[in-house]
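Work through these exercises with the structure open beside you. Try each task before reading its solution.

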Amino acid sequence: MELHKINKPLESINTILSHFPVKQPSLLEPGQTLPIKVKNEKASRKIYFLLDGALISSVGKDEKKQNLGIMLSPSIIGLGQLAPDGTIAQHEAIAPCMIDSINIDDFIKVIEEQHLWPDVINVMVTIINSLAARTATSGLQSAYEIIRSYLIYMDSENACAIKERYTVVKYMQTFSRLSRSIILKILSELKAGGFIEMEKGRLVRINRNLPDRF
């Protein structure tokens, strides 16, 4: 499965959010992080609702930090905690974010009462598919294959306005371990061949089908 073929389940997200009226919204400024779960602190286990703004999700720290993806409002954050050993993830605001939250036990109660598990599962499956697609992309054999995959995703993605938010190099360095020099070299060759159009480092469009190999 390819990233650009995965659609955000907006209908399920909005259905879930409709059962949780906004109570205590807070503002998360760019650069601030939202911890989903702190080890050995059960009281901190919450589900967060991203009502406005954008976050970048990651796991690990320092050199082991791995960026997972960008979340744009509306989104539901922390569903991984529904599993016994949910992943401890961190979310950093890349735009001003309006956040609301609810205790995970209260969240589960409403979900059960309103029979919303199919919508929760739909959201979670989409997240899993996105992570699987990114993992598959990172495991491709050549640098060109990785860059090709991300170019197609950036060109076709609309929900997060990736092309407007990021330069191609910054985006690819954020979600892959490719060096700047390799990315620039391949992008330069694709531009020279007329395959892509760029302006001020940002992707404008893909002009014609990118070759499978380069």
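The exercises below concern a predicted model.

**Exercise 1. Take stock of the protein chain: how many helices and strands does the chain have, and what share of its residues is buried?**

Solution.
- Step 1: Count the elements. The protein chain has seven helices and 10 strands.
- Step 2: Turn to burial. Of the 214 residues, 41% are buried.
- Step 3: Look at the surface. The protein chain exposes about 12100 Å², and carbon and sulfur atoms supply 51% of that area.
- Step 4: Check the contacts with a separation of 6 or more. Residues 24 or more positions apart account for 71% of them.

**Exercise 2. Find the order of the strands in the open sheet of four strands, and name its edge strands.**

Solution.
- Step 1: Start at strand 3 (residues 46-52). Six bridges join strand 3 to strand 8 (residues 97-103), and the two run antiparallel.
- Step 2: Try another partner of strand 3. Three bridges join strand 3 to strand 6 (residues 75-77), again antiparallel.
- Step 3: Zoom in on Tyr 48. Its bridge partner in strand 8 is Ser 101, and in strand 6 Tyr 48 stands opposite Ile 77.
- Step 4: Go on from strand 8. Three bridges join strand 8 to strand 1, also antiparallel. Here Leu 28 has Cys 97 of strand 8 as its bridge partner.
- Step 5: Put the strands in a row. The order is 1-8-3-6, with antiparallel pairing. Strand 1 (26-28) and strand 6 are the edge strands, since each pairs on one side only.
- Step 6: Add the twist. Neighbouring strands of this sheet are turned by 35° against each other on average, direction ignored.

**Exercise 3. Which strands of the sheet does helix 2 touch?**

Solution.
- Step 1: Locate helix 2 at residues 104-113.
- Step 2: Follow its packing on the sheet. Helix 2 touches strand 3 and strand 8.
- Step 3: Compare directions. Helix 2 makes about 80° with strand 8.

**Exercise 4. Is helix 6 mostly covered or mostly uncovered?**

Solution.
- Step 1: Take residues 168-175, which form helix 6.
- Step 2: Count the buried ones. Six of the eight residues are buried, so helix 6 is mostly covered.
- Step 3: Name them. They are Val 168, Val 169, Tyr 171, Met 172, Thr 174 and Phe 175.

**Exercise 5. What surrounds Asp 119, and where is the nearest side chain of opposite charge?**

Solution.
- Step 1: Place Asp 119 in helix 3 (residues 117-138).
- Step 2: Leave aside neighbours within four places in sequence. Asp 119 is then in contact with Ser 12, Thr 15 and Ile 16.
- Step 3: Search for opposite charge. The nearest such side chain, Lys 8, is 14 Å away.
- Step 4: Apply the cut-off. A salt bridge needs the charged atoms within 4 Å. Asp 119 is buried yet has no salt bridge.

Notes. Residues numbered from 1 in each chain as written. Predicted model: local features only at pLDDT ≥ 70, side-chain atom pairs only at ≥ 80, totals over all residues. Heavy atoms only, no water. Buried < 20%, exposed > 50% of the residue type's maximum accessible area, 1.4 Å probe, protein only. Contact = heavy atoms within 4.5 Å. Areas by Shrake-Rupley, 256 points an atom, 1.4 Å probe, with all protein chains shown as cover. Lys, Arg positive; Asp, Glu negative; His and termini not counted. Pairing = 2+ DSSP bridges. Axes fitted to C-alpha atoms, helices over the stretch in contact; angles between N-to-C directions.
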